[in-house]
Amino acid sequence: MNQPLKVAVIGAGPAGIYASDILVKKTGGEVQIDLIEQMPAPFGLIRYGVAPDHPRIKGIIKSLHRVLDTEQIRLLTNVHIGRDITVDELQQHYDAVVFATGAVGDRHRDIPGADLDGVHGAGEFVGFYDGNPRFERDWDLSAKEVAVIGVGNVGLDVSRILAKTGDELKVTEIPDNVYESLAKNQAETVRVFGRRGPAQAKFTPQELKELDHSESINVVVSPEDIDYDEASLAARQESKSTDLVCQVLEQYAIRDPKEAPHTLQIHLFEQPVEILGEDGKVSDIKTERTALNGDGSVHGTGKFTEWPVQAVYFATGYRSDAVDGVPFNQDKNVINNDGGHVIDAAGAVVPGLYTTGWIKRGPVGLIGNTKSDATETIGMLLADAASGALPSPSSTADITEVFAERGIDYLTWQDWQRLDAAERALGEREGRERKKFVEWEDMVSHSRAKV
């Protein structure tokens with residue numbers, strides 16, 4: 001009788017969990033999967049990348065929970081690949097290793113003044129307000145005027161959090177340290193800058209509409225920022241989502257101002273070109289007015305504006321980090337791959353290594369893309385298994401025996417359930433669904449606590 005396929009999936013976010021689920025289904029359950037995660041808790045970007053006032057999206061965790069309840073999948077968290085165990089060592093224990101480590105860093109910021117005090121990456125701020133233990137515990141929110149660069153959903157999340165009150169967010173799962181910072185937020189005007197027009201914005205319609213749900217926020221779009229060229233009109237016809245985004249922006253542009261303490265203005269056709277400062281701190285952001293070329297691209301018009309701001313957030317994309325021992329493309333910030341196989345610098349397939357999710361294709365796309373991405377990668381893995389192309393593991397020892405020998409304090413699915421219960425109990429005392437523990441040691445200790 002053939003032994004079940006043994007696979008390690010690195011990263012317990014949506015990409016890794018979907019890849020594991022597909023593996024179980026495509027093999028008819030003839031597989032043993034260890035889902036290995038660096039953080040003490042699973043769910044990756046859903047836990048630490050989705051704004052706390054978006055419980056609708058966090059509902060995805062319920063479906064991910066069902067996958068992790070599958071008997072063929074074993075969750076092992078609090079394990080750092082490259083420090084606790086190497087990739088070469090993993091290959092001694094598994095037929096295949098799939099990397100789904102995502103992206104949490106911020107892309108490089110390359111305009112003059114990006115090094116001034118008060119300039120931040122959106123990922124840093126998201127990590128803070130989502131209670132990620134690897135990020136800051138306090139945040140300076142003394143700026144009354146703020147710029148957010150980037151017209152995607154992360155830019156909307158950041159700008160919405162900055163424009164809401166601390167009390168509006170206290171009903172969510174944010175930890176106390178986050179609430180204390182948000183309660184002192186001084187922001188009155190938040191400006192979101194995009195260099196192209198409505199049809200090129202990367203918002204999703206629902207996210208854009210939800211900006212207006214808060215009584216604290218007056219959303220503003222200038223009528224002169226509503227403009228389309230031939231390519232833009234074609235984009236609206238080809239995509240219902242694009243057309244809906246344009247409609248929402250148009251509605252914001254023509255309506256009367258809303259009485260609210262915070263103004264959130266979306267500026268289109270404004271290309272940030274420089275961040276200005278005084279005494280090393282942000283004082284203004286300089287933008288150049290752009291105009292459409294006919295093909296959806298834009299050119300600078302030579303008209304510049306300086307907007308007074310005391311803080312700037314770059315929401316221009318996340319960046320993946322390299323995994324020790326795995327070929328990495330430093331220019332694209334992805335693992336070198338051919339669509340699923342890890343490949344070396346010469347383009348040759350590295351036997352037994354695969355990748356999926358943002359670490360494979362870059363930080364673009366939604367949950368649906370992640371599923372199709374995992375399907376492609378797992379298809380390649382199973383084709384290799386069928387053809388005998390997978391290397392054979394040299395060790396029959398269980399990986400947890402290695403962890404135990406090294407004193408690695410790994411956590412399991414049962415440990416996560418204890419942490420989950422502790423966070424829910426903490427939130428219940430305040431009438432909330434959950435309140436996160438933010439310190440790494442607290443997460444581990446509550447995972448270990450015996451009921």
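1. Glu230 is out in the open: its relative accessible area is 66%, over the 50% cut-off, so Glu230 counts as exposed. Keep in mind that this is a predicted model. Glu230 belongs to helix H11, which covers residues 230-238. If you click on Gly294 next, you'll find its C-alpha 5.6 Å from that of Glu230, although 64 residues separate the two in sequence.

2. Now the annotated spots. An unreviewed UniProt entry has a "binding site" annotation covering Arg195, Arg196, Glu207 and Gly365. Take Arg195 to begin with: the residue sits in the loop that links strand E8 (189-193) to helix H10 (205-210). Its relative accessible area is 42%, so Arg195 is classed as partly exposed. Leaving out residues up to four places away in sequence, Arg195 touches Phe269, Glu270, Gln271, Thr290 and Val298.

3. Arg196 is also in the loop between E8 and H10. With a relative accessible area of 27%, Arg196 falls in the partly exposed class. Once neighbours within four places are set aside, its contacts are Lys202, Leu268, Phe269, Gly296 and Val298. So which residues turn up in the contact lists of both Arg195 and Arg196? Phe269 and Val298 do: Arg195 touches them, and Arg196 is in contact with them too.

4. There's another "binding site" listing in UniProt, again from an unreviewed entry, with Ala15, Glu37, Leu45, Ile81, Trp358, Gly365, Leu366 and Ile367. Gly365 is in this listing and also in the one with the two arginines. As for Leu45, look in helix H2 (residues 44-48). Leu45 is partly exposed, at 32% relative accessible area. Its contacts, not counting residues up to four places away, are Pro14, Val50 and Trp358. Trp358 is itself one of the listed positions.

5. Where do you go for covered helices? Try H7 (residues 153-163), which is mostly covered, with 10 of its 11 residues buried. Those buried residues include the aliphatic side chains you might look for, among them Leu156, Val158, Ile161 and Leu162. But the buried set also includes Asn153, Asp157 and Arg160, which you may want to click through one by one.

6. H6 (residues 122-129) is mostly covered as well, with 7 of its 8 residues buried. Among the buried ones are Phe125, Phe128 and Tyr129, along with Gly123 and Gly127. Gly131 follows H6, and its phi is positive, near 70°.

7. Zooming out to the fold: the protein has 17 helices and 19 strands. What does the radius of gyration say for 451 residues? A compact globule of that length would come in near 22 Å, and the protein has 23 Å, which agrees. Along the principal axes, the C-alpha trace spans about 70 × 50 × 40 Å. Of the contacts between residues at least 6 apart in sequence, 75% join residues at least 24 apart.

8. Last, burial, surface and charge. Of the 451 residues, 55% count as buried. The exposed area is about 19,800 Å², with carbon and sulfur atoms supplying 47% of it. On the charge side there are 47 positive and 71 negative charges, and their mean positions lie 4 Å apart.

Definitions and conventions:
Residues are numbered from 1 along each chain as its sequence is written. This is a predicted model: local features need pLDDT of at least 70, side-chain atom pairs count only at pLDDT 80 or more; totals for chains, interfaces and linings use all residues. Side-chain values use heavy atoms; hydrogens and water are left out. Helices (H or I, at least four residues) and strands (E, at least two) are DSSP runs, numbered from the N terminus. The radius of gyration is taken over C-alpha atoms; the globule rule is 2.2 Å times the number of residues to the power 0.38. Buried means under 20% relative accessible area, exposed over 50%, partly exposed in between (1.4 Å probe, protein chains only). Contact means heavy atoms within 4.5 Å. Accessible areas come from the Shrake-Rupley method with a 1.4 Å probe; for residues, only the protein chains shown count as cover. Lys and Arg count as positive and Asp and Glu as negative; His and the chain ends are not counted. The place of a charge is taken as NZ of Lys, CZ of Arg, CG of Asp or CD of Glu. UniProt positions are given in the numbering used here, feature names are shortened, and annotations may be inferred rather than shown by experiment.
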